[in-house]
Amino acid sequence: MNQINNIEERTCLKCKRQMPLEHNYCSSCGTGWGKYVHWYYKHWGIILLILLLGPFAMFFVILSPVVSKPLKWIYTLIIAIFTIFLVVEACELYRMLSQVYKLFSYSSVF
Ligand SMILES: [Zn+2]
């Protein structure tokens, strides 16, 4: 709310333009306000997307008007650690599956 000019407006979290207080969405960029912010920009939505999309959730972290800049760095760190974990686990799974494959191919020969 802009209290200096006594106008019933607030600043859009994303594009920084003024929007009337009664509007729930910015007329310029479509960003919601308060409970009208899209679910994928809220904290629980970002955490869900990190679990579902891994490193691709970074897109929503960067564009989120709700998440503050220091928190964006923390989310980035979490996504990086989670991505490294996923890559290590995928390599381990590949190694295990190739051993199982070798075991089956040896046993079929004899
Ligand atoms: Zn806007």
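Helices (DSSP runs of H or I, at least four residues) and strands (DSSP runs of E, at least two) are numbered here from the N terminus. This is a predicted model, in which local features need pLDDT of at least 70, side-chain atom pairs count only at pLDDT 80 or more, and totals for chains, interfaces and linings use all residues. Residues are numbered from 1 along each chain as its sequence is written.

**View 1. The whole protein chain holds 3 helices and 2 strands.** Following the sequence, you meet the elements in the pattern β-β-α-α-α. The chain is more spread out than a compact globule, because its radius of gyration is 23 Å, well over the 13 Å that the globule rule gives for 110 residues. That radius is taken over C-alpha atoms, and the rule is 2.2 Å times the number of residues to the power 0.38. Along the principal axes, the C-alpha atoms fill a box of roughly 85 × 25 × 20 Å. As for confidence, pLDDT (the predictor's score for each residue, from 0 to 100) averages 86 over the protein chain, and 91% of the residues score at least 70. Among the elements, H1 has the highest mean, 93, while strand S1 (residues 9–11) has the lowest, 84.

**View 2. Domain 1 (1–37) and domain 2 (39–109) divide the protein chain.** These bounds come from an automatic or database domain assignment. Taken over C-alpha atoms, the centres of the two domains are 34 Å apart. Where they meet, 4 residues of domain 1 are in contact (C-beta atoms, placed from the backbone, within 7 Å) with 4 residues of domain 2. On the domain 1 side, the touching residues comprise 2 nonpolar, 1 polar and 1 charged. Nonpolar here covers Ala, Val, Leu, Ile, Met, Phe, Trp, Tyr, Cys and Pro; charged covers Asp, Glu, Lys and Arg; the others, Gly among them, are polar.

**View 3. The largest nonpolar core gathers 10 residues.** Its members are Tyr41, Ile46, Leu49, Ile50, Ala57, Phe60, Val61, Val67, Tyr75 and Ile79. At least two core residues come from each of helix H1 (43–53), helix H2 (58–63) and helix H3 (69–109), and H1 gives the most, with 3 residues. Such a core is a set of buried Ala, Val, Leu, Ile, Met, Phe, Trp, Tyr and Cys residues joined through C-beta atoms within 7 Å. Buried means that 20 or more other C-beta atoms, placed from the backbone, lie within 10 Å of a residue's own; 12 or fewer means exposed, and anything in between partly exposed. Of the 110 residues of the chain, 14% count as buried. Take a moment with Ile79: leaving aside neighbours within four places in sequence, Ile79 touches Ile50, Pro55, Ala57 and Met58.

**View 4. Lys16 sits in the loop between S1 and strand S2 (18–20).** Worth a look on your Ramachandran plot: Lys16 is not a glycine, yet its phi is positive, at about 65°. Lys16 counts as exposed because it has 11 C-beta neighbours inside 10 Å.

**View 5. Gly34 belongs to the loop between S2 and H1.** With 9 C-beta neighbours inside 10 Å, Gly34 is classed as exposed. The C-alpha atom of Gly34 is 18 Å from that of Ile47, a residue 13 places apart from Gly34 along the chain.

**View 6. Phe85 has its place in helix H3.** Phe85 counts as exposed, with 11 C-beta neighbours inside 10 Å. Phe85 and Leu51 are 34 residues apart along the chain, and 12 Å separate their C-alpha atoms.

Conventions: Contact = placed C-beta atoms within 7 Å.
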